[in-house]
Amino acid sequence: MSVMASRTVIKLQRTRNLASILNSQVRSSTAFHTSSKTCTQDEDKPRKKLINHSRLRGIDILRTPKLNKGQAFTLEERQLMGIQGLLPSCVINQDQQMTRVMANFHNRKSDVDRYVYLMALKDRNERLFYRCLTEHTEEMMPIVYTPTVGQACQEYGVLYRKPRGLFISIHDKGHIYDMMCNWHEEDVKAIVVTDGERILGLGDLGVYGMGIPVGKLALYTALGGITPDQTLPIVLDVGTNNETLQKDPLYIGHNHPRVTGQAYDDFIDEFMEAVVARYGQNTLIQFEDFANHNAFRFLEKYRNKYCVFNDDIQGTAAVAAAGVFASLKCTGKKLGENVFCFQGAGEASIGIASLLVLAMEQEGMSSEEAISKIWMVDSRGLLVKDRPAGGLTEHKLLFAKDQAPIDTLADVVKASKPSILIGAAAVPGAFTESIIKDMAMFNEKPVIFALSNPTSMSECTAEQAYKFTDGRCVFASGSPFLPVTLNGKTFHPGQGNNAYIFPGIALGAIVCGIRHISEDVFLKAAQTLGKLVTEEHLAEGRLYPPLSDIQDVSLKIATGIAEMVYKSGNASTYPEPENKEEFIRNHLYDADYESFVPETWTWPDNVN
Ligand SMILES: O=C([O-])CC(=O)C(=O)O
Ligand SMILES: [Mg+2]
């Protein structure tokens, strides 16, 4: 701080009843001008509108992450809010704070350390966290989200510092609404909820799965521009069947086996009703990482009653379909000219296959013919109609072939000669060298998507896919892989992760007040994303726009959805905005700091 500025502070501190002078100015002034008395205030940035929601003062301001600006509080603010002396005297701006964050981020030894550091930042200074995540998405997203969040969930008990979001347990039955009322924000518009039974491809992590709703909602804000106050992560604790966690002394949930059956269903029903009672009928509820057997059921049960979607079924479907649409530009094929082979017949595979069928139908193909293009393999081999003992669930039956069983993926690939191979069953290494080589034999440009998360669950690595196809394949994975250089050419693997989809869907749903999210919303999102892939991206081997463009992708997806839902009458925000993109843009969260000082405020006359 300059000598002059520190003298000013001393004078200010002597000023009689300063707070009341300031407050009377806040109340009475109409002629505004700004005054800069600190060492490094942002002269060039216009002062943003006054935060008008805070009655907090003093240390409470610094302890409230959405208000705290740390060292970036100006001298005026420090005086006005009663925090002078609670911070080091030098004022720095948000850019300088970012430099410090990045230095710390890079200095950490491991990705999990980086995760802990970033979450602590989020708990301390929310705007700084989001500014960093927005401006350094490529570097930070793999930490806050897949793949590192997977490891963080596995180690949640040790890493636990403070709670984030709501923890609702099966033993709270009958009181869920009251618990929802304990949440301090009044204007929640979107919830991501998990019961932790199938966290990524890592299985049942129980309440340790809370990292996933927290990570997803961080992307709602960083990628979708949704205000953090409007988001709420929730974990539903119904126990865990993970025996290691049951014995883990640091486990943070109930360590009894999962409650199932009617008691479980009633619990979820009560939860849904409580959300609507607390936050309104249009509250968006994203189901995340539920096990297959519940994911499909709940989607069917609730989709026409609430504003819900299942990210693992529908979000993953849309991102994979977008990748397929983009791949057509490389292979020169029409969608219906492809044969698709799926490793896995769970949420992701069934979701993707269903959306592709819808897209083929839209191109004029019959439903039977579209379905005939799809071959699906689960842990017991090809889905066939007369599979003995146990049969098939309704969803699988739709894609079952009327033919003799085939036991292995390798043999199904040989029999079906797919042009597009998609893995989503969390079987690492399922795409063996010989399967990939077969794909290269059958196709000039084989399309290979290894979608399982996190990276450790991937069906093959990017390097294997490029190497075993002599660099001819079109590749995407669910978790990020670094670029691969082969024979002097560098390939940028696409990240076919639902992060390209759910923030844009959520943004569109929230801003338009969508009542129910129909399947064609996801097709629209997939088509919008597919169209954003340019020749330049494809030339680099990218099937998706780079992560650095992902905020714009979300805006475009939300705009496409807005156009659709106003036509279909499924929007409830009226009057209908004429320019939808601009309307949505005006709702976007801005992580730059706001000023706590009214524009009218001036230094008192007796201070000089
Ligand atoms: O979280 C991710 O990276 C994608 C996803 O939904 C899953 O794998 O369950
Ligand atoms: Mg998921």
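Two strands pair if DSSP finds at least two bridges between them. With that idea in hand, let's look at some close-ups of this predicted model.

**View 1. Strand 11 and its partner, strand 10.** Strand 10 covers residues 447–450, and strand 11 covers residues 474–477. The two run parallel and are joined by four bridges. To find one place where they meet, look for Ala450, which stands opposite Ser477 of strand 11. Helix 22, made of residues 462–468, belongs to this picture too: strand 10, helix 22 and strand 11 form a right-handed β-α-β unit.

**View 2. Strand 11 again, now with strand 14.** Strand 14 is a short stop on our tour at residues 494–495, and two bridges tie it to strand 11. These two strands also run parallel. Ser477 appears once more here, with Gln495 of strand 14 as its bridge partner. What covers strand 11: one face or both? Both faces are covered, with Val474 and Ala476 buried on one side and Phe475 and Ser477 buried on the other.

**View 3. Asn497, a position marked in a record.** UniProt, in an unreviewed entry, places the feature "binding site" at Arg198, Asn453 and Asn497. Asn497 sits in the loop that links strand 14 with helix 23 (502–512). Is Asn497 buried or exposed? It is buried, because 25 other C-beta atoms lie within 10 Å and 20 or more are enough to count as buried. Leaving aside residues up to four places away in sequence, Asn497 touches Thr146, Val319 and Gly478.

**View 4. Arg198, another position from the same "binding site" feature.** Here we move to the loop between strand 2 (190–194) and helix 12, where Arg198 lies. Arg198 counts as buried because it has 24 C-beta neighbours inside 10 Å. Its contacts, again without residues up to four places away in sequence, are Gly203, Asp204, Asp289, Phe290 and Ala291.

**View 5. Where domain 2 touches domain 3.** The chain is divided into domain 1 (53–92), domain 2 (147–306) and domain 3 (314–571 + 573–586). The C-alpha centres of domains 2 and 3 are 26 Å apart, and 21 residues of domain 2 are in contact with 24 residues of domain 3. On the domain 2 side, at least two residues each come from helix 12 (211–224), strand 4 (284–287) and helix 15 (292–302). Which element gives the most to this side? Helix 12 does, with five residues. By type, the residues on this side of domain 2 are ten nonpolar, eight polar and three charged.

Notes. Residues numbered from 1 in each chain as written. Chains lettered and ligands numbered in written order. Predicted model: local features only at pLDDT ≥ 70, side-chain atom pairs only at ≥ 80, totals over all residues. Domains from an automatic or database assignment. Contact = placed C-beta atoms within 7 Å. Nonpolar A, V, L, I, M, F, W, Y, C, P; charged D, E, K, R; others polar. Buried ≥ 20, exposed ≤ 12 C-beta atoms within 10 Å, placed from the backbone. Right-handed = clockwise from strand over helix to strand, strands pointing away. UniProt positions renumbered as here; feature names shortened; annotations may be inferred.
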